[in-house]
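Visitor: I have this model open and want a quick tour. Can you take my questions as they come?

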Amino acid sequence: MTAPNLINAATINGKTTGANLTTTSATTVLNNPAASGKCLKVNTLNVANYGGTTANVTIQWNNAANLGGTSYSVAGSVNIPANSTLNIIDKTSQYYLQENQAIGATA
């Protein structure tokens, strides 16, 4: 399917989701499966480090669902100080996930 027409959308549903990065493997933050019939707009992506030491995070956009295909860096190897939050995506740099695309994170 081609990308849906966002101007003439039949419905717009808001959603908030989260993911815990508990391993050093890539973790899916948001997935838009093939044939979903949806285009997902990402307005905000925040990374919080609630630990006592600095953490390192990488955020990637994948051109296939379930972190498949090719990964493209959104934020690469960013240090997040202890007990702090960093805004990675906001309304000035929003992303659109078409069908069969995903956003992942690695800590």
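Guide: What follows is a short walk through the sheet, one residue in it, a ring pair and some loops. Keep in mind that this is a predicted model.

Visitor: Start with the sheet. What order do the strands come in?

Guide: The order is β1-β8-β4-β5. These 4 strands form an open sheet, and the pairing is antiparallel.

Visitor: Which strands are at the edges?

Guide: β1, residues 27-32, and β5 are the edge strands. Each of them pairs on one side only.

Visitor: How much twist is there from one strand to the next?

Guide: The twist averages 15°.

Visitor: Now β4 and β5. How many bridges do they pair over?

Guide: They pair over 8 bridges, in the antiparallel sense. β4 covers residues 55-64, and β5 runs 68-80. For landmarks, V57 has V78 in β5 as its bridge partner. N62 has S71 in β5 as its partner.

Visitor: And β4 with β8? How many bridges there?

Guide: There are 5 bridges, again antiparallel. One place to look is T58, whose bridge partner in β8 is T106.

Visitor: What holds such strands together in general?

Guide: Strands of a sheet pair through backbone hydrogen bonds.

Visitor: Back to N62. Is that residue buried or exposed?

Guide: N62 is buried, because its relative accessibility is 0%. N62 sits in strand β4.

Visitor: What does the N62 side chain meet at 2.8 Å?

Guide: The side chain of S71, in a polar contact. S71 is also the bridge partner of N62 in β5. In addition, a polar atom of the N62 side chain lies 3.3 Å from the backbone oxygen of G68.

Visitor: Which residues is N62 in contact with, leaving aside neighbours within four places in sequence?

Guide: L67, G68, T70, S71, Q101, A102 and G104. G68 and S71 are on that list, and the polar distances to N62 are 3.3 Å for the G68 backbone oxygen and 2.8 Å for the S71 side chain.

Visitor: New topic, aromatics. How many aromatic pairs are there?

Guide: The count comes to 1 aromatic pair. That pair is W61 with Y72. The centres are 5.3 Å apart and the planes are at 35°, a tilted arrangement.

Visitor: Which strands do W61 and Y72 lie in?

Guide: W61 lies in β4 and Y72 in β5. The two are 11 residues apart in sequence, so the pair ties those parts together.

Visitor: How accessible is Y72?

Guide: Y72 is partly exposed, because its relative accessible area is 42%.

Visitor: Last topic, odd backbone angles. What is the phi of N83?

Guide: N83 has a phi near 55°. That is a positive value in a residue other than glycine. N83 lies in the loop between β5 and β6, with β6 at 84-89. N83 counts as exposed because its relative accessible area is 60%.

Visitor: And N100? What is its phi?

Guide: The phi of N100 is positive, about 65°, and N100 is not a glycine. Look in the loop between β7 (95-97) and β8 (101-106). N100 is partly exposed, because its relative accessibility is 31%.

Visitor: Which residue takes a positive phi in the hairpin of β4 and β5?

Guide: N66, with phi near 55°. That hairpin has 3 residues between the strands.

Notes. Residues are numbered from 1 along each chain as its sequence is written. This is a predicted model: local features need pLDDT of at least 70, side-chain atom pairs count only at pLDDT 80 or more; totals for chains, interfaces and linings use all residues. Side-chain values use heavy atoms; hydrogens and water are left out. Buried means under 20% relative accessible area, exposed over 50%, partly exposed in between (1.4 Å probe, protein chains only). Two strands pair if DSSP finds at least two bridges between them. Axes are lines fitted to C-alpha atoms, for helices over the stretch in contact, and angles run from 0 to 180 degrees between N-to-C directions. Rings of Phe, Tyr and Trp (its six-membered ring) pair if their centres lie within 6.5 Å; planes under 30 degrees apart count as stacked, over 60 as edge-to-face and the rest as tilted. A polar contact is a pair of N or O atoms within 3.5 Å; within protein, one must be able to donate a hydrogen and the other to accept it, and residues adjacent in sequence count only if both atoms are side-chain atoms. Contact means heavy atoms within 4.5 Å.
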